[in-house]
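Q: I'm new to this structure and would like to learn how to read it. Could we go through it together, beginning with how two chains meet?

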Amino acid sequence: MSCSRKDANAALLSNFEVFQLLTDLKQQRKESGKSKQSSGQQNLNTIMYETLKYISKTPCRYQSPETVREFLIAMKGHKLTKAEKLQLLNHRPVTAVEIQLMVEESEERLTEEQIESLLQTVASILPGDPEEQQRDSAMETEGRGSQ
Amino acid sequence: MFVLVEMTDTVRIPPWQFERKLNESIAEELNKKLANKVVYNVGLCICLYDITKLEDSYIFPGDGASHTKVHFRYVVFHPFLDEILVGEIKSCSQDGVHVSIGFFDDIVIPPESLQQPAKFDEAEQVWVWEYETEEGAHDLYMDIGEEIRFRVVDETFVDTSPTGPSSAEASTSNATEEVQKKEAPYTLVGSISEPVLTGTGEETAKDWS
């Protein structure tokens, strides 16, 4: 193959960016109609469909460019590597054990309060499943009422 | 799990496509060539991100098509080492648990990277994790279709380009002409031997807090 690769790691992409790209591409192809069944396009159709199907089940489907930007700004103080921030963005962890999975040597680098504050930042900036969040807030008000 | 890869290639546009905009034809050709294909030592190509530079198009003697050198960026699936991914159990065998993420199927978690102690249930053809709590031993079956969270610990690229005539001679000397086993060009090895990596259910997280 004459294809040569200049930089195999020019940039890391978040699931959200790929989600946006594929959704836009799908829209474009739908609008320009015909000739999408031409033999060569089958591979692209397959990979787009499967990838979109997978990514749509991850937290990125609730994200927007603004939330991602806000998240990265909020993450500046925590001294995490790019890869770690990316995993937090893609997975939206809600428990301390999940943070420990994604952050290398977290016991040495983060105190319990820092992990707690990380979880708070993730939960508040990155949107989760709206149904779940409604359920959670309903449970909270119930708890308060019973006190 | 996705990266942007800068690549260069020469794209051939046949004359009957000259009426189309060059960028469109080139984008279509690149996707036709690379989408859903594994590039050796790069990863599984998903789709074109953008075209960064188009050099001059040339027409060579004997061929009416134009040839254009293109610099572009492509979205590639290539998880980094130690990345956490979520997939679905596709099947179990003696080699381990086979996981799929829909668009990519060649992920295997070998027996030694499963939560220990684990044993292979021959009757049901599933791997079972026997974990003990104060109440006694519990069996966690790794059923097909179950969601599983794992860490990427290794990757292998195999060059599956066709071999030349010299090696073909050697293989025909076999009495039984067996079809060469199809090797996956890109395989990932995963591990779930850490707490909270089995399943993505909340119960597991609560157990370990």
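A: Happily! Buried area is the accessible area (1.4 Å probe) that two parts lose on being put together, summed over both. Chain B and chain A bury about 3800 Å² between them, with 63% of that on carbon and sulfur atoms. Phe2(B), Glu6(B) and Phe80(B) provide 15% of the area that chain B buries against chain A, more than any other three residues.

Q: What should I know about the model and its numbering?

A: This is a predicted model, where local features need pLDDT of at least 70 and side-chain atom pairs count only at pLDDT 80 or more, while totals for chains, interfaces and linings use all residues. Residues are numbered from 1 along each chain as its sequence is written, chains are lettered from A and ligands numbered from 1 in the order in which they are written, and side-chain values use heavy atoms, leaving out hydrogens and water.

Q: How many residues does each chain bring to the contact?

A: Contact means heavy atoms within 4.5 Å. Chain B brings 47 residues and chain A brings 38 residues.

Q: Which residues form a salt bridge?

A: A salt bridge is a side-chain nitrogen of Lys or Arg within 4 Å of a carboxyl oxygen of Asp or Glu. Between chain B and chain A the count is one. Glu98(A) pairs with Arg149(B), their closest N and O atoms lying 3.2 Å apart.

Q: How do I read two packed helices?

A: Two packed helices are described by the angle between their axes and the distance between the axes. Helices are DSSP runs (H or I, at least four residues), numbered from the N terminus. Axes are lines fitted to C-alpha atoms over the stretch in contact, and angles run from 0 to 180 degrees between N-to-C directions. In chain A, the axes of helix 3 and helix 7 (residues 112–125) come within 10 Å and cross at roughly 165 degrees. Helix 3 of chain A and helix 7 of chain A are therefore roughly antiparallel (over 145 degrees).

Q: What is the angle between helix 3 of chain A and helix 4 of chain A?

A: Helix 3 (residues 65–75) of chain A and helix 4 (residues 82–91) of chain A pack at about 135 degrees, with axes 11 Å apart. They are therefore oblique to each other, a word for angles outside the ranges under 35, 65 to 115 and over 145 degrees. Val68(A), Phe71(A), Leu72(A) and Met75(A) in helix 3 of chain A meet Lys85(A), Leu88(A) and Leu89(A) in helix 4 of chain A.

Conventions
Helix = DSSP H or I, 4+ residues; strand = E, 2+ residues; numbered from the N terminus.
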